[in-house]
Amino acid sequence: LLSKFGLITATSSGCILTVITPPPATGDKRDVVFLIDGTSATRSEFPSIRDMIRRVVDQLDVGLDRVRVSVVQYSDAPKLEFLLNAYSTKSEVRQAVSELRSSGGNRLNTGRALEWVARNIYQRSAGSRVEEGVPQFLILVTGGKSSDDVSTQADQLKRNQVAPVAIGSRNADPDELRQISLKPGLVYSVDSFKQLSRVEPQLINSVQTISTADIISSYVPTVELATLDLGKKDIIFLIDGSDSTGPNGIAHIRDFIISIVQQLDVQPDRVRVAVVQYADRAKTEFSLNTHSNKQAVLSDVKRLRQIGGRSSELANAIDYVLEKEVKPSAGVRLSEASQHLVVLTGAPSTQPVSISGPLLKNKRVNCIGVGTGNADRTQLSQIATSSEDVVTVPTFPNLPTVKEKVISRLSGVPVDVFTTEDFPTAGLPQPKKADIVFLMDGSINLGQENFRDVRDFIMNLIDLFFSERDNLQVGLAQYAGDVTDAFYLNTYSNRDDILEAIGKLEYKGGRRINTGAAIRYVQDAHFTKQRGSRMDEGTPQILMLVTGGRSTDDGKTAAMGLKNKGVRIFAVGVGDIQDELENLASQSSTVARAQTFQELSELNEQILEALDDEVKGKLCVDSQLPAK
């Protein structure tokens with residue numbers, strides 16, 4: 001009976017049940033987004049795609065309170081035609097569809113388009129009603145194989161409870177279509193777009209019959225993992241649900257918690273799990289004594305939805321946890337089990353948290369602080385039990401990379417099992433030694449918002465590159481028409497102090513960027529023995545220049561002078577300035593370019609690899625880093 005109404009699903013073995021709470025009754029409400037191929041290669045068949053959309057609209061009960069429709073066209077980049085809440089009647093939607101024209105373009109960047117749609121269309125402000133339990137659909141119509149990766153972006157949509165339906169012509173990649181779609185039955189192939197009418201009945205039936213519960217159960221299969229014996233633990237996840245985590249942050253947090261819980265021995269007398277969400281208020285999702293088994297916990301976690309809120313009030317949230325959840329009536333076992341709080345945040349707290357750490361320790365609660373690049377590392381250090389309990393990742397999609405470390409901290413097992421004292425050569429890399437000065441564009445090329453992106457990018461690079469065993473010195477200066485020193489190579493002696501100083505860096509501003517003058521200034525004021533340079537000891541000297549535009553003076557000559565002094569230059573830039581970056585950098589392998597400031601984090605891997613080779617003296621081959 002329960003299965004009939006979609007309240008339970010079972011694995012193929014029939015031994016594991018996943019409880020799903022049905023969404024609110026939504027009648028015939030649906031949110032349908034068409035993502036259509038607009039490349040020049042499909043231009044002759046574009047009218048067939050347009051006619052297919054019109055016929056589907058005719059068959060659906062389109063209206064602002066019923067079925068909402070959006071259309072996005074894409075090729076090299078996505079192009080919005082109209083949002084879900086742009087029109088209120090079927091006739092208005094039909095008229096908008098009839099006006100569609102092929103935008104053209106040579107490349108088919110399906111992955112980029114999927115990511116853009118997830119970020120910009122499936123949002124309340126764009127008309128999406130996902131928070132109301134209304135089924136969400138993406139109908140992809142494509143005529144070829146994507147030029148970029150689609151797997152991560154497709155998974156993101158499914159995590160956000162969107163059902164992708166993939167329709168491809170003969171040049172489309174069947175494996176790619178299957179990867180994108182919610183399930184194999186939602187993949188349709190035609191020899192040409194002129195035959196789209198053949199798949200319309202199945203397409204319309206899928207949109208009319210698939211529910212939100214179907215979408216959840218189709219994408220989140222039960223995964224069997226080895227259960228770890230951590231002893232008796234009470235684990236509370238305190239997760240940031242504020243607007244600052246972005247539209248997809250909660251999905252990544254949800255998946256991260258699931259991946260950890262799957263390995264825990266969740267039972268009343270072993271491991272208990274609770275989840276509290278916070279923004280400008282705190283909300284208990286479930287307490288330690290709410291669920292008595294793993295499947296019940298997983299089911300509740302899968303249903304987590306972002307509470308939203310403009311501010312991230314972490315101090316109040318910790319107070320809430322200590323008052324409401326760390327007590328026997330909520331299931332805590334103070335005398336029997338160790339207490340653990342795992343904080344997952346994507347933004348600095350709007351309140352000071354310096355007193356929160358001592359409060360947790362007084363309650364004997366061990367705290368792990370997990371933050372993205374936008375979080376305040378100093379604040380995480382203030383709440384964490386130890387420096388080893390501060391865990392950072394550049395972005396929420398990177399959370400899986402720190403799962404083992406978080407589990408290790410929960411279990412009390414050190415992350416590095418072998419110490420250098422016991423096993424000096426136990427596979428550990430040699431400590432890195434270098435003097436690195438960052439020269440950061442602070443002009444109006446960036447603006448206040450992009451300045452924060454660049455600052456966070458630099459912090460992420462340092463955090464990822466600088467381990468506690470390394471002997472690195474870091475300096476930083478900001479420039480526009482002139483230069484402002486932030487700190488020198490010998491100002492700070494450890495990574496945390498460096499990151500804290502960068503986190504406090506304020507936007508300089510200025511209409512001109514004199515890159516040449518700034519490079520000469522850094523040569524005279526930073527790469528000197530007085531300011532901490534160890535050039536005379538043979539220590540690698542590196543300038544990491546990060547710029548958002550073309551210089552108004554001669555940067556090439558200044559860069560040549562610095563290189564002649566033995567300083568290697570990395571040139572990192574944003575926009576159409578590849579030639580300028582190549583003129584400044586020591587070689588093509590120390591050039592990296594992004595199209596936007598938000599995409600700087602995508603350069604991390606290539607820069608870190610080249611930087612590691614530079615420090616180890618391996619950059620003797622001029623191997624081009626791919627420009628973004």
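Guide: Six bridges tie strand 3 (residues 30-37) to strand 6 (residues 136-142), and the two strands run parallel. Keep in mind that this is a predicted model.

Visitor: Which residue of strand 6 is the bridge partner of Val 32?

Guide: Phe 137 is the partner of Val 32. Here is a general idea to carry along. In a regular strand, side chains alternate between the two faces of the sheet.

Visitor: What is the strand order in the open sheet that holds strands 3 and 6?

Guide: The order is 5-4-3-6-7-8. That open sheet has six strands, and its pairing is mixed.

Visitor: Which strands are the edge strands?

Guide: Strand 5 (78-82) and strand 8 (187-189) are the edge strands. Each pairs on one side only. From one strand to the next, the twist averages 20 degrees.

Visitor: How many bridges join strand 4 and strand 5?

Guide: Four bridges, with strand 4 (residues 67-74) and strand 5 in the antiparallel sense. Val 71 has Phe 82 in strand 5 as its bridge partner. A hairpin of three residues connects strand 4 to strand 5.

Visitor: Now helices. How are two packed helices described?

Guide: By two values: the angle between their axes and the distance between the axes. Try helix 1 (residues 46-59) and helix 6 (residues 200-209). Their angle is about 45 degrees, and their axes lie 11 Å apart.

Visitor: Are helix 1 and helix 6 oblique or roughly parallel?

Guide: Roughly parallel needs an angle under 35 degrees. Helix 1 and helix 6 are therefore oblique to each other. Their crossing is right-handed.

Visitor: Which residues meet where helix 1 packs on helix 6?

Guide: Helix 1 brings Met 52, Arg 55, Val 56 and Gln 59. Helix 6 brings Glu 200, Leu 203, Ile 204 and Gln 208. Sort the contact by class and you get four nonpolar, two polar and two charged residues.

Visitor: What does Glu 200 form with Arg 55?

Guide: A salt bridge. The closest N and O atoms of Glu 200 and Arg 55 are 2.5 Å apart. The pair links distant parts of the chain, since Glu 200 is in helix 6 and Arg 55 is in helix 1, 145 residues apart.

Visitor: How many salt bridges are in the whole structure?

Guide: A search finds 30.

Visitor: Let me try another sheet. What is the order of the open sheet that contains strand 17?

Guide: Read it as 17-16-15-18-19-20. Six strands form that open sheet, and the pairing is mixed. Strand 17 (483-487) and strand 20 (591-594) stand at the edges. Each has a single partner strand, so one side of each has no neighbour in the sheet. Ignoring direction, neighbouring strands are turned by 20 degrees against each other on average.

Visitor: How do strand 16 and strand 17 pair?

Guide: Strand 16 (residues 471-479) and strand 17 pair in the antiparallel sense, over four bridges. Leu 476 has Phe 487 in strand 17 as its bridge partner.

Visitor: Which helix packs on the sheet?

Guide: Helix 19 (residues 604-615) does. Helix 19 touches strand 15 (433-441), strand 18 (541-547), strand 19 (567-574) and strand 20. The direction of helix 19 makes about 175 degrees with that of strand 19.

Visitor: One last helix pair. How do helix 16 and helix 17 cross?

Guide: Helix 16 (residues 515-525) and helix 17 (residues 555-564) cross at roughly 20 degrees, and their axes come within 7 Å. That makes helix 16 roughly parallel to helix 17. The crossing is left-handed.

Visitor: Which residues meet between helix 16 and helix 17?

Guide: Gly 516, Ile 519, Arg 520 and Gln 523 in helix 16 meet five partners in helix 17: Gly 555, Ala 558, Ala 559, Gly 561 and Leu 562. By class, this contact has four nonpolar, four polar and one charged residues.

Technical notes. Residues are numbered from 1 along each chain as its sequence is written. This is a predicted model: local features need pLDDT of at least 70, side-chain atom pairs count only at pLDDT 80 or more; totals for chains, interfaces and linings use all residues. Side-chain values use heavy atoms; hydrogens and water are left out. Axes are lines fitted to C-alpha atoms, for helices over the stretch in contact, and angles run from 0 to 180 degrees between N-to-C directions. Angles under 35 degrees count as roughly parallel, over 145 as roughly antiparallel, 65 to 115 as roughly perpendicular and the rest as oblique. A crossing is left-handed if the near helix is turned anticlockwise from the far one by less than a right angle, and right-handed if clockwise. Contact means heavy atoms within 4.5 Å. Ala, Val, Leu, Ile, Met, Phe, Trp, Tyr, Cys and Pro count as nonpolar, Asp, Glu, Lys and Arg as charged, and the others, Gly among them, as polar. Two strands pair if DSSP finds at least two bridges between them. A salt bridge is a side-chain nitrogen of Lys or Arg within 4 Å of a carboxyl oxygen of Asp or Glu.
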